[in-house]
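Work through the exercises below with the sequence and the model at hand. Each task is followed by its solution.

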Amino acid sequence: MLGMSANSVSYNDQGSVESGVDAAQESIPTTTNLGLFGAEFKKNDDLKEMLESNKESLKLDAMRRVVELIAKGKNASHLFPAVVKNVANKNIELKKLVYVYLVRYAEEQQDLALLSISTFQRALKEPNQFIRASALRVLSSIRVPIIVPIMMLAIKEAATDLSPYVRKTAAHAIQKLYSLDPDQKEQLIEVIEKLLKDKSTLVAGSVVMAFEEVCPDRIDLIHKNYRKLCNLLVDVEEWGQVVIIHMLTRYARTQFVSPWRDDAEFDENNEKAFYDSEEEKRKDPSKPYIMDPDHRLLLRNTKPLLQSRNTAVVMAVAQLYWHLAPKHEVSIVTKSLVRLLRSHREVQYIVLQNIATMSIQRKGMFEAFMKSFYVRSTDATHIKTLKLEILTNLANEANISTILREFQTYVKSQDKAFAAATIQAIGRCATNISEVTDSCLNGLVLLLSNRDETVVAESVVVIKKLLQTQPSQPSDIIKHMAKLFDNITVPMARASILWLMGEYCENVPKIAPDVLRKMAKNFTSEEDIVKLQTVNLAAKLYLTNSKQTKLLTQYILNLGKYDQNYDIRDRTRFIRQLIVPNEKSGALSKYARRILMASKPAPVLQSAFKDRDRFQLGTLSHTLNATATGYLELDDWPAVAPDQSVRNVEVVEPMKETGAPALGKSKPAKSEKKFYSDSEQEEEQEEGSSSEDSSSSSSSSEESGSESESEEDSEESNKSSSQSENSSSDSSDSDKKKKTQRNKKLQQQKSASKDRKQKNGSAVKVDTKSGSESGSESSLSENSSESGSGSDSDSGTDQKTKAKHKPVKSKPVSKVDQKKEVSLLDLDDFSPAPLTTPNRSILSPSLLSDLQGLSIASSGSALQASSPVFVPETSHDLLHRMTGKGLSAQYRFTRQPCIYGNNMVSLQLTLSNSSDQTLENIHISERSSTGQDIHRFNTIERLEPQASVTVSMGADFNDSTQAANFQLCTKEDEFSVSIQPAVGELLLPVTMSEPDFTKEQSKLVGMNESSATISMAPDNASSQSINRKVVSVANLGVVTSDQNTIHRFAGKTVSSGSLVLVSVTLRDSEALITINTEKTVIASMLLRQLKTALTNIAT
């Protein structure tokens, strides 16, 4: 706080001085020589006039220059009145620059800023999200208590803003308001609780930072958002990741049991804890520790961040694993930490400090990377010292010889402090590893003859400590040191030799008195530490050899009695009374020998980082080795884990929106019935009751294992809706049975007329599927039963497969089909190729009525998917015949809707046998899919030599160009393969009118818009050539338009369904390519490919 106040005072002083100079300039003639500072003022003297002019171009230029001054560290506070007048300007660019200025100076010029409060409040309603955010940022920068209510109201409104950028700014403003008025804590906690539920990755990091500042002890706010934060972590911006990881580290230490137990079981895919029943828990009370699934979720989702480019993120994940992960998993952070040692020396310093703490407890983590800690000549001294510390910690019997060879080189360094630290490290190695103690002692004795007295002095100090740990006779070493005594000038080294002489004076009876004689001559000129050890040596020699040293001792004691240092005077008086018996000395002198000549405990040479593990790694407190302000200690692991159900979140509405299947007996929501007419509602109710009666028999084969368990979860999550609907459906049971026959006849009559209106409708499509794929019907159902126990998307695939085949065999349609009608609609809306007229006799009336009902439900949708404009025939190698031992595989993107799932990309595989032997059991391994969800093709039992077979499969790339890795297997071998999608293959074309395109494009602006300009000659830019190039790059639909200069294309991402709008605007000799979508990564990659493709047209 003192530093901040000092800075603010200096700014105000500087501003007042410059204002005075500015005022003086008006009265001084222009010919006066103002020097360097006057020239600077003269250069920017026109800024005030430009800001007050009527031309917006001049104002904009002036504001750019003002912001440039601020960026250079110059003081521009004297322009505040002129700048604040432009805060209400309608020019958005000018307004942004004004807000940048106000954020910088609002705190210093509070009175003037308060005059513009109403303008800031109006700006909070601006349609531009950046203006709204900037206004809130300025408002929160005015640190005046009187506007706290206005700030609180603005924060609450911004927290519910549609723009995630504004909500992020609101989270930042929370911290400023809390520091201004801590009494607002309760209201701010309510806003934080609301923002914690936000699903935007832009907001997550900022709101967690606000949580850490305002209420870090309110762990209950995190419970419901824990899993969401874990899953969003990878997509959050880097500094937000650091804050969230530190917060989740503290949270995990309070909610999970310690994984460091000996009986712990660790299974990466262990989900058993979700499904354990109470009876099983009672049967096995002595069950060993099994990691909580939420604990595993945190570890699994933070692991990919070890590859982050941001060193702070890597360090945060490393400390999380250190404090939370099982001991055998901590080593995965080693490579990432070693990688950070290639960064700047500031980063190296922090990382090495943390590695030094880690290496004390777990040497094995970094032992394999020992060479990474070798000292380089370009390293700074503090980096060298830390590397020495780590090498000493890693030393053991196996590698000590290598480390000592390194140390021998370091001792010769020109850096004296580093050479001294190396000798201390040698001493620590000698103490810790008894096998090398003698050799280390010999090496240190050789260093006593070194020309550098710093090395000699440090060697003496270390030898003194080592001799205390050695029971052998040290007389030879002491004699050698006594010979060098006159040449050693460092006080600590001289004091160490004198201490050794006194401690082992009986072993060197001839040398010690002579050394004492030399010291008596120079006693008055020695340093205080040397004088104290001289008095001690005199006392010990008086007790062991009083004949030779009695007079010397008395002489030294007399010198010490009148020394200027009171410590030496006190020590001298004490020693005289202790060793010289007289009448006043009392009984203590009898024990003088036992007191002075007692055996001393050997000093313990330990690391300076030994006690730093009490602080959390990666924190300022750990770096300083002292508790810093704001440091939050990590809690100890709880003995019993708290209830994990507090993290469960019941989600009902999102399941209906995404079309997720609701298994079991739960009824459809009432809101869905509004899409149907009265007769169709009656039919749906009738089918619901009949399918409810037969649900156990119709779903007994497909819904088994974990799918049956998910039925129970689904029933519980939809409990409120299903109870109310059960009561209504039961009461009208008798009415439904009476109307059954009448409804069936009505639907048969409707089917004929509505089937003609459907364009490539669902009835036609199902007819074609049932005709062309009747042979593979059993295999499809077998696949859906295999993948039914997987993820939600897999189970959705099962329901779609059942919807295609079951109605052909039985009239009642299961409840699962009705819940999945949105997904069926998505498939049936696509028409990949012209289809022939169907044979309606194949379809049952009930299936026709269902499909017509789905068609009616979709009529309100403004966006309709269309067939692909262009389907590339290019195939890509998946497996070469040499690598595959005769089996080769190629794949291509069909650009058709995938029949296995709405969010999957359709692929066609061609498998060929170029060997002389028959290949058997060709399939995709079940345990091979990593990351992406892959729908496997049916197992090919036999593939004859020189034969080929074409199969289809689906892959959910999650709107990412990351390769899908899996294993293609035969009976004898397994081959690792990967499919790399182009960004254009992640899209599906959408039918859209020009007004709809313009309307949707206006919603996707700002950060959701990417554009680039390329050179293109008008002669080469025909509509056909542009359309052909664009649709060849990306699977987009062409939007019909009367304008020849603007070409529009529309599509949506396969996985998430996000709109992707592309427009190519032709100008004189160039073309502007604009892409509007929420998926900014896809936009940038697609823009790069379109630039390349359209540039080729121009050339």
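**Exercise 1.** Check the length of helix α13 (residues 201-214) against the expected span.

Solution. The expected span is 1.5 Å times one less than the number of residues. For the 14 residues of α13 this gives 20 Å, and the end C-alpha atoms lie 21 Å apart, so the two agree. Helices here are DSSP runs (H or I, at least four residues), numbered from the N terminus.

The model is predicted: local features need pLDDT of at least 70 and side-chain atom pairs pLDDT 80 or more, while totals for chains, interfaces and linings use all residues. Residues are numbered from 1 along each chain as its sequence is written, and side-chain values use heavy atoms, without hydrogens or water.

**Exercise 2.** Determine how many residues of α13 are buried, and what they pack against.

Solution. Buried means under 20% relative accessible area (1.4 Å probe, protein chains only). Ten of the 14 residues of α13 meet this, among them Val 203, Phe 211 and Glu 212. The buried residues pack against α11, α12, α14, α15 and α16, where contact means heavy atoms within 4.5 Å.

**Exercise 3.** Place Arg 250 and decide whether Arg 250 is buried or exposed.

Solution. Arg 250 is in helix α16. Its relative accessibility is 12%, so Arg 250 counts as buried. Not counting residues up to four places away in sequence, Arg 250 touches Phe 211, Glu 212, Pro 216, Leu 632 and Leu 634. The Arg 250 side chain also reaches the backbone oxygen of Pro 216 at 3.4 Å.

Conventions. Helices (H or I, at least four residues) and strands (E, at least two) are DSSP runs, numbered from the N terminus. Buried means under 20% relative accessible area, exposed over 50%, partly exposed in between (1.4 Å probe, protein chains only). A polar contact is a pair of N or O atoms within 3.5 Å; within protein, one must be able to donate a hydrogen and the other to accept it, and residues adjacent in sequence count only if both atoms are side-chain atoms.
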